[in-house]
Amino acid sequence: MILFGTRTYFFQLAILTLVCGRCGNPATHALRKRVLKFTLFFVPLFPISTKYWTQCGHCGAEKQVPKEQAEGLVATVNQGQAPLAGQAG
């Protein structure tokens, strides 16, 4: 018997201050990444899909963003324009 399946991993990449498209408030947004991996005998082997999204800290609205835009936002944070989550600027 072969046991296979998937496992999902979540990563918080950055905390940004953006204007929310839903509520219109300038609020903190968490930039997150979700990686779905194929598992064989409960060992994660390779990623099947990767998705990026932001979540508004005020209203909770989520918006999926393309990989290029997410990488650009992380690069902006890394250049010192905003601190990363959990790190001092």
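This tour visits the cysteines, the nonpolar core and one strand residue of a predicted model.

**The cysteines.** Begin by selecting Cys20, Cys23 and Cys56 and displaying their sulfur atoms. A disulfide is a covalent bond between the sulfur atoms of two cysteines. For Cys23, the closest cysteine sulfur belongs to Cys20, at 3.7 Å. Because a disulfide requires sulfur atoms within 2.5 Å, this separation is too far for a bond. Cys56 likewise has its closest cysteine sulfur in Cys20, here at 3.8 Å, again too far for a bond. The disulfide count is accordingly 0. With a surface displayed, compare the settings of two of these residues: Cys23 is partly exposed, at 29% relative accessibility, whereas Cys56 is buried, at 4%.

**The nonpolar core.** Next, select Ala14, Leu16, Leu31, Tyr52, Val65, Ala70, Leu73, Val74 and Val77, the 9 residues of the largest nonpolar core. Colour strand E1 (4–19) and helix H1 (67–81), the elements that give two or more residues to this core. H1 gives the most, with 4 residues. In soluble globular proteins, nonpolar side chains tend to be buried together.

**Thr39.** Finally, move to strand E2, residues 26–40, and select Thr39 within this strand. Is Thr39 buried or exposed? Its relative accessibility is 9%, so Thr39 counts as buried. To view its surroundings, add Leu3, Phe4, Gly5, Thr6, Arg7 and Pro44 to the selection; Thr39 touches each of these residues, with residues up to four places away in sequence not counted.

Notes: Residues numbered from 1 in each chain as written. Predicted model: local features only at pLDDT ≥ 70, side-chain atom pairs only at ≥ 80, totals over all residues. Heavy atoms only, no water. Buried < 20%, exposed > 50% of the residue type's maximum accessible area, 1.4 Å probe, protein only. Core = buried A, V, L, I, M, F, W, Y, C linked by side-chain atoms within 4.5 Å. Contact = heavy atoms within 4.5 Å.
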